[in-house]
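Me: I am new to this structure and would like a close look at a single part of it. Could you walk me through one helix, starting from its cap?

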Amino acid sequence: MNKDYKYYFSSIYWSFFSKIFDAVVKFISIPLLLAYLGKEYYGLLVLVLTVNAAMHILDLGLNIGGVKFFSTWISNKEFNLINKVTRTNITFYILIGLVNSIVLIVLANNVSVFNLEDSQASIFKYLLYTLAIASIPTWLNEVFKQLIIANEKISFIQKTFVIKTILNLALIIVAINYNYGLVLYFIIFVTINTVLIVPNIYKCFKDNLIKSILPGLFLSDFSKVFRYSLAIFAMGIFQLCATQSRPLILGIFSTEGVEILADYRIIEVFPLFIISLSGSIISILIPKTSKFIEEKDSKGLEKIAYNGTKNASIGVALICLPIIICAKDILNLYVGVQYEHLDIWLIIWTCTLILFIHNIPVASILLATGKTKMLVISTGIATTLSIIVNIFLCNILQVGSAVISYLVYIIFQMSFYYFYFNTKVLKLNSFKIFNSFFTIIVFAIFSILPTLLLSLDNIYFRLLFKIITWGVTFISLLFIFNKISLKDLNLQKHKYSW
């Protein structure tokens with residue numbers, strides 16, 4: 001079996017399995033937590049996790065920069081250089097962890113910035129202290145994840161993720177049965193997520209990627225990675241502002257209080273699942289695109305751009321369209337009929353993700369080139385627009401303002417890719433890329449028509465009928481119009497399976 005095929009198959013399989021499994025667990029666990037904690041305290045849990053996610057801005061782009069350079073050095077067997085940069089990385093992430101802890105402690109002592117009642121503020125403070133204690137080991141785990149991904153062993157990361165998901169579900173069951181409070185539940189939850197560093201360190205030693213985990217300071221070797229990462233960091237600031245600021249803006253500017261965050265969290269589960277899959281694709285492609293650029297392999301890059309866009313479009317259609325056509329029924333089963341009114345926002349958010357994810361193969365090439373100056377500028381403009389839209393609409397559309405603001409962000413970014421990055425920077429054919437996406441989505445939308453022929457009263461049969469009918473129609477159209485074939489599926493015969 002071709003080495004590239006094994007890598008793509010194993011990575012995609014485990015990425016999809018781990019994310020689907022995590023989505024199923026969230027589908028089960030969120031209603032349980034919502035019923036157990038109540039809407040107000042569940043909103044607190046969402047808020048503290050959002051605050052912590054916003055802290056990832058401190059990464060300074062090293063999550064991508066590290067993978068890009070480590071993958072090249074592993075290919076060239078420059079293990080002494082890898083060891084030096086890894087030890088410097090450890091020093092850097094310890095400093096990030098300390099800064100993260102300080103920020104969380106400061107927030108814990110100034111919770112008045114959030115629209116919380118006194119009883120909520122007291123609990124929120126303890127949750128922030130818990131995160132502060134776990135900050136350093138949590139950040140250090142990023143060092144070893146970068147090495148494992150660069151070594152094309154992303155399947156290992158996903159397997160540990162599955163174990164973590166199982167433990168988190170077990171925790172919820174135990175917490176409900178033994179009547180744990182929110183603080184105790186959160187302490188154990190953070191502990192489970194923190195200990196993931198242990199198997200990752202073991203894997204790095206086992207694969208001879210590192211010789212030591214002692215902090216070091218080899219700035220001359222680290223500087224190349226750091227300079228590249230700063231450009232990614234600048235872009236990451238804007239991206240995180242665009243994504244993580246949405247619930248924060250709702251919590252600060254909305255007159256609805258923290259209850260609106262529960263609505264946000266309910267519809268966020270499905271987009272988060274889709275986004276997590278797309279994040280896995282970036283992690284899978286970056287090691288390959290970096291090597292193709294290093295080897296000046298234009299054929300390999302074009303395959304990723306054109307075939308990758310087509311395959312990404314097929315994949316995102318298979319994931320997103322069932323959610324779109326069944327949105328109301330899914331929300332009904334998920335959290336009850338009282339939340340069915342959120343279906344329009346779930347549909348719009350999911351459609352927005354279709355626009356975003358189809359572009360991931362091209363985005364991975366752009367990131368690997370390092371030519372990111374205009375990407376930083378376009379991301380900054382898009383983020384500013386999205387924040388303004390969210391603030392302006394939050395008391396008009398409520399949770400819908402967060403969805404519309406994200407749509408504005410994505411449309412602006414996609415425009416820059418098609419009218420500038422693809423042609424001017426990457427020398428690719430924008431029309432060919434768009435055609436790879438557009439024809440697939442047209443087939444996906446057309447396949448909705450047969451689902452309208454029959455209306456069933458039973459919600460389970462209705463869901464099953466819609467999904468199966470749409471799926472069979474869509475896949476049939478792909479085969480009929482030669483968008484996929486049995487020959488194409490025999491990937492081991494092809495060097496560039498994407």
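Reply: Happy to! A good place to begin is asparagine 429, which caps the N-terminal end of helix 16. One of its side-chain oxygens lies 2.9 Å from the backbone nitrogen of phenylalanine 431. Please keep in mind that this is a predicted model.

From the cap we can move along the helix itself. Helix 16 covers residues 430–446, 17 residues in total. At 1.5 Å a residue, helix 16 should span 24 Å, and its end C-alpha atoms are indeed 24 Å apart, so the expected and computed lengths agree.

Next, look at which side chains are hidden. The buried residues of helix 16 are Ser430, Ile433, Ser436, Phe437, Thr439, Ile440, Ile441, Phe443 and Ala444. As you trace them, one rule of thumb may help: an α-helix has 3.6 residues a turn, so residues three or four places apart point the same way. Ile433, Ser436 and Ile440 are among the buried residues you could follow with that in mind.

What do the buried residues of helix 16 pack against? Their partners are five stretches of the chain: helix 10 (298–325), helix 12 (343–357), helix 13 (360–369), helix 15 (400–425) and helix 17 (459–480).

For a contrast, turn to the surface. Ile20, Val24, Phe27, Ile28, Leu32, Leu333 and Tyr460 make a nonpolar surface patch of about 600 Å². Helix 1 (residues 3–54) gives the largest share of this patch, five residues. Leucine 333, also in the patch, is found in helix 11 (residues 327–335) and is partly exposed, with a relative accessible area of 32%.

Definitions and conventions: Residues are numbered from 1 along each chain as its sequence is written. This is a predicted model: local features need pLDDT of at least 70, side-chain atom pairs count only at pLDDT 80 or more; totals for chains, interfaces and linings use all residues. Side-chain values use heavy atoms; hydrogens and water are left out. Helices (H or I, at least four residues) and strands (E, at least two) are DSSP runs, numbered from the N terminus. The expected span of a helix is 1.5 Å times one less than its number of residues. Buried means under 20% relative accessible area, exposed over 50%, partly exposed in between (1.4 Å probe, protein chains only). Contact means heavy atoms within 4.5 Å. A polar contact is a pair of N or O atoms within 3.5 Å; within protein, one must be able to donate a hydrogen and the other to accept it, and residues adjacent in sequence count only if both atoms are side-chain atoms. Patches are made of residues with over 30% relative accessible area and no salt bridge: like charges are joined within 9 Å, nonpolar side chains (Val, Leu, Ile, Met, Phe, Trp, Tyr) within 5 Å. Accessible areas come from the Shrake-Rupley method with a 1.4 Å probe; for residues, only the protein chains shown count as cover. A salt bridge is a side-chain nitrogen of Lys or Arg within 4 Å of a carboxyl oxygen of Asp or Glu.
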